[in-house]
Amino acid sequence: MRKLCFASALLFSSFSFATESVNIHEPYARAVPPGQPNSAAFMQLENTTETDLAVITAQSSVSEVAELHTHTDVDGVMQMRQVESIALPAGETTELKPGGLHIMLIGLKQPLADGDQIDLTLTFSDGSATELTLPVRHVMPMGMAH
């Protein structure tokens with residue numbers, strides 16, 4: 001019964017994690033159909049310090065590679081591009097979201113289905129790192145939501 005209560009609390013709670021420098025709110029990964037080789041992770045990163053920081057690497061056991069990415073408008077066409085880091089200005093919150101900054105999970109080793117959980121480790125420019133457990137959610141593709 002105790003395990004069931006804990007699992008229920010996790011299921012219905014808001015996911016948040018914290019390092020000494022960065023609070024991480026609402027992290028999740030995109031569910032993808034079987035055979036899809038890539039997915040993405042999203043979240044809000046709140047830099048609680050008075051010093052600018054950055055996410056410099058990401059890693060997950062569910063993918064061959066995890067890369068930091070953004071979307072840019074190139075002649076009216078949105079294109080995804082890898083970036084070296086994701087800036088976290090002092091005292092501000094940076095949002096990783098569909099159609100914007102995100103973490104690409106490339107070369108998935110397993111399907112990511114709605115309701116699963118995955119691991120993700122973020123490393124920051126101050127040398128700190130945090131290990132996250134992200135829920136996998138069904139997310140509408142860009143332009144499909146009303």
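# Exercises on a predicted model

At 80% relative accessibility, Asp-75 counts as exposed. The model is predicted, and the exercises below start from this residue.

**Exercise 1. Where is Asp-75 found, and is its phi positive or negative?**

Step 1. Locate the residue: Asp-75 is in the loop between S5 and strand S6 (77-82).

Step 2. Read the backbone angle. Phi of Asp-75 is near 55 degrees, which is positive although the residue is not glycine.

Step 3. Classify the accessibility. Exposed requires over 50% relative accessible area, and Asp-75 has 80%, so Asp-75 counts as exposed.

**Exercise 2. Describe the overall make-up of the protein chain.**

Step 1. Count the elements: there are one helix and 11 strands.

Step 2. Put them in order. From the N terminus, the sequence of elements is α-β-β-β-β-β-β-β-β-β-β-β.

Step 3. Consider burial and surface. Of the 146 residues, 35% are buried. The chain has an accessible surface of about 8,500 Å², and carbon and sulfur atoms account for 53% of that surface.

Step 4. Consider the contacts. Among contacts with a separation of 6 or more, 64% join residues 24 or more positions apart.

**Exercise 3. Which residues of the largest nonpolar core touch the most other members, and which strand gives the most to this core?**

Step 1. Take the membership. The largest nonpolar core has 28 residues, and those touching the most other members are Met-43, Leu-45, Ile-103, Leu-120 and Leu-122.

Step 2. List the strands that each supply at least two residues: S2 (22-30), S3 (38-47), S4 (53-59), S5 (63-74), S7 (86-88), S9 (102-108), S10 (117-124) and S11 (129-137).

Step 3. Pick out the main contributor: S10 gives the most, with four residues.

Step 4. Inspect one member. Leaving aside residues up to four places away in sequence, Leu-122 touches Ile-24, Met-43, Leu-45, Val-55, Thr-57, Ala-58, Ile-103, Ser-128, Ala-129, Thr-130 and Leu-132.

Step 5. Look beyond this core. Another core lies apart from it; this one has five residues, among them Tyr-28, Ala-40, Phe-42 and Val-139.

Step 6. Set this against the general tendency: in soluble globular proteins, nonpolar side chains tend to be buried together.

**Exercise 4. How many aromatic pairs does the count give, and are the partners buried or exposed?**

Step 1. The count comes to one aromatic pair.

Step 2. The partners are Tyr-28 and Phe-42, with 5.3 Å centre to centre and 40 degrees between the planes, and the pair is tilted.

Step 3. Place the partners. Tyr-28 belongs to strand S2 and Phe-42 to strand S3, 14 residues apart, and the pair links distant parts of the chain.

Step 4. Buried means under 20% relative accessible area. Tyr-28 has 14%, so Tyr-28 counts as buried. Phe-42 has 2%, so Phe-42 is buried as well.

**Exercise 5. Which side chains meet in a salt bridge, and what is the phi of Glu-26?**

Step 1. Search the whole structure: one salt bridge is found.

Step 2. Name the partners. The side chains of Glu-26 and Arg-137 meet in this bridge, at 3.3 Å from N to O. In general, side chains of opposite charge can pair when their charged atoms come close.

Step 3. Place them in the chain. Glu-26 is in strand S2 and Arg-137 in strand S11, 111 residues apart, and the pair links distant parts of the chain.

Step 4. Classify both. Partly exposed covers the range between the buried and exposed cut-offs. Glu-26, at 27%, therefore counts as partly exposed, and Arg-137, at 29%, therefore counts as partly exposed.

Step 5. Add the backbone. Phi of Glu-26 is near 50 degrees, a positive value in a residue other than glycine.

**Exercise 6. Are Thr-70 and His-138 buried or exposed, and what does each touch?**

Step 1. Begin with Thr-70, in strand S5. The relative accessible area of Thr-70 is 15%, so Thr-70 is buried.

Step 2. With residues up to four places away in sequence left out, Thr-70 touches Gln-79, Met-80, Arg-81, Val-83, Gly-100, Leu-101 and His-102.

Step 3. Turn to His-138, in the segment after S11. The relative accessible area of His-138 is 55%, so His-138 is exposed.

Step 4. With the same exclusion, His-138 touches Ala-31 and Asp-114. The C-alpha atoms of His-138 and Pro-33 are separated by 10.0 Å, and these two residues are 105 residues apart along the chain.

Notes
Residues are numbered from 1 along each chain as its sequence is written. This is a predicted model: local features need pLDDT of at least 70, side-chain atom pairs count only at pLDDT 80 or more; totals for chains, interfaces and linings use all residues. Side-chain values use heavy atoms; hydrogens and water are left out. A nonpolar core is a set of buried Ala, Val, Leu, Ile, Met, Phe, Trp, Tyr and Cys residues joined through side-chain atoms within 4.5 Å. Buried means under 20% relative accessible area, exposed over 50%, partly exposed in between (1.4 Å probe, protein chains only). Contact means heavy atoms within 4.5 Å. Accessible areas come from the Shrake-Rupley method with a 1.4 Å probe; for residues, only the protein chains shown count as cover. A salt bridge is a side-chain nitrogen of Lys or Arg within 4 Å of a carboxyl oxygen of Asp or Glu. Rings of Phe, Tyr and Trp (its six-membered ring) pair if their centres lie within 6.5 Å; planes under 30 degrees apart count as stacked, over 60 as edge-to-face and the rest as tilted.
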